[in-house]
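Work through the exercises below with the structure open beside you. Try each task before you read its solution.

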Amino acid sequence: MIEQMTALNKIGEMLGSIEGVTAMTDVTGFGLFGHLIEMAEGSGLSAEIFYDKIPVAAGVKEYISQRIFPDATTRNWSSYSDKVKFEKGVNVMEAFTLLPDPQTNGGLLVSVNEAGMEKVKELLLANGLASFAEPVGRMIVKQEKVVYTKP
């Protein structure tokens with residue numbers, strides 16, 4: 001955990017130079033949901049995320065099970081809950097606590113078109129970021145909700 005939290009996010013500049021990268025933001029105070037909503041709305045799309053594919057730092061789910069989380073998590077959720085739908089099979093209480101969490105260590109949310117996917121994967125693998133090389137979602141044609149969370 002300490003290694004991850006103290007690592008510099010040097011890969012952003014390299015990712016930004018890949019032609020297939022269409023959007024990128026650091027996931028800070030608005031949580032993954034907040035930044036994904038901003039990205040989807042800005043592009044006129046909706047998004048599907050696959051909850052089971054989202055990497056979670058060791059120990060986080062233990063805190064969630066004890067209902068220990070920052071107060072801003074609730075404020076974030078209140079500001080955009082009407083834009084999110086949880087599909088059957090998602091642990092809603094866990095996801096509600098994890099995905100609007102405002103805490104960060106500078107992680108990036110990156111949108112990549114099909115043409116750039118392999119280059120992004122290669123770059124992540126070459127930089128020791130294999131656990132982040134698989135997509136956790138995709139952008140889809142605009143729907144009623146902005147984000148659909150699937151198992």
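The exercises that follow concern a predicted model.

**Exercise 1. The four-stranded sheet**

Find the order of the four strands in the open sheet, and say which strands form its edges.

Solution.
- Step 1. Read across the sheet. The order is S3-S6-S2-S5, and the pairing is mixed.
- Step 2. Look for strands that pair on one side only. These are the edge strands, S3 (84-86) and S5 (137-141).
- Step 3. Follow the twist. From one strand to the next it averages 20°.

**Exercise 2. Strand S2 and its partners**

Work out in which sense S2 pairs with S6, and in which sense S2 runs against S5.

Solution.
- Step 1. Recall the general rule. Strands of a sheet pair through backbone hydrogen bonds, either parallel or antiparallel.
- Step 2. Take S2 (residues 45-50) and S6 (residues 147-150). They pair in the parallel sense, over four bridges. Alanine 47 has valine 147 of S6 as its bridge partner.
- Step 3. Turn to S5. S2 and S5 run antiparallel, joined by five bridges.
- Step 4. Check isoleucine 49. Opposite isoleucine 49 in S5 stands glycine 137. Opposite isoleucine 49 in S6 stands threonine 149.

**Exercise 3. A helix across the sheet**

Which strands does helix H3 lie across?

Solution.
- Step 1. Locate H3 at residues 31-43.
- Step 2. List the strands beneath your cursor as you trace the helix. H3 lies across S2, S3, S5 and S6.
- Step 3. Note the direction. H3 runs at about 145° to S2.

**Exercise 4. The two sides of helix H7**

Sort residues of H7 into buried and exposed, then find what the buried ones pack against.

Solution.
- Step 1. Pick out the buried residues of H7 (residues 117-126). They are Val120, Lys121, Leu123 and Leu124.
- Step 2. Ask how these are arranged. They cover an arc of only 165° around the axis, so they sit on the same side of H7.
- Step 3. Go to the face turned away from that buried side. There you find the exposed residues Lys119, Glu122, Leu125 and Ala126.
- Step 4. Look at the packing. The buried residues of H7 pack against helix H2 (11-16), strand S1 (21-26) and strand S4 (108-112).
- Step 5. Continue just past the helix. Glycine 128 takes a positive phi of about 70°.

**Exercise 5. Strands S1 and S4**

State how S1 and S4 pair, and split S4 into its covered and uncovered faces.

Solution.
- Step 1. Count the bridges. S1 and S4 pair in the antiparallel sense over five of them.
- Step 2. Identify one partner. Valine 21 is bridged to valine 112 in S4.
- Step 3. Recall a rule. In a regular strand the side chains alternate between the two faces of the sheet.
- Step 4. Split S4. Leu109 and Ser111 make up the covered face, while Leu108, Val110 and Val112 are on the uncovered one.

**Exercise 6. The nonpolar cores**

How many residues are in the largest nonpolar core, and which element gives the most to it?

Solution.
- Step 1. Take the size. The largest nonpolar core has 24 residues. Phe33, Leu99 and Val147 have the most contacts inside it.
- Step 2. Find the suppliers. H3, S2, helix H5 (71-80), S3 and helix H6 (92-98) each supply at least two residues. H3 gives the most, with six residues.
- Step 3. Separate the second core. This one has eight residues, including Ile11, Leu15, Val120 and Leu123.
- Step 4. Return to leucine 99. Beyond its neighbours within four places in sequence, leucine 99 is in contact with residues including Phe33, Ile49, Tyr80 and Thr149.

**Exercise 7. Aromatic pairs**

Why does the pair of phenylalanine 33 and tryptophan 77 count as tilted?

Solution.
- Step 1. Start with the total. The structure holds seven aromatic pairs.
- Step 2. Test the angle. Planes under 30 degrees apart count as stacked and over 60 as edge-to-face, with the rest tilted. The planes of phenylalanine 33 and tryptophan 77 are at 35°, with centres 5.9 Å apart, so this pair is tilted.
- Step 3. Place the residues. Phenylalanine 33 is in H3 and tryptophan 77 in H5, 44 residues apart. Both are buried.
- Step 4. Compare phenylalanine 69 and phenylalanine 96. Their pair is edge-to-face, with 80° between the planes and 6.4 Å centre to centre.

How values were computed: Residues are numbered from 1 along each chain as its sequence is written. Side-chain values use heavy atoms; hydrogens and water are left out. Two strands pair if DSSP finds at least two bridges between them. Axes are lines fitted to C-alpha atoms, for helices over the stretch in contact, and angles run from 0 to 180 degrees between N-to-C directions. Contact means heavy atoms within 4.5 Å. Buried means under 20% relative accessible area, exposed over 50%, partly exposed in between (1.4 Å probe, protein chains only). The arc is that of the directions from the helix axis to the C-beta atoms. A nonpolar core is a set of buried Ala, Val, Leu, Ile, Met, Phe, Trp, Tyr and Cys residues joined through side-chain atoms within 4.5 Å. Rings of Phe, Tyr and Trp (its six-membered ring) pair if their centres lie within 6.5 Å; planes under 30 degrees apart count as stacked, over 60 as edge-to-face and the rest as tilted.
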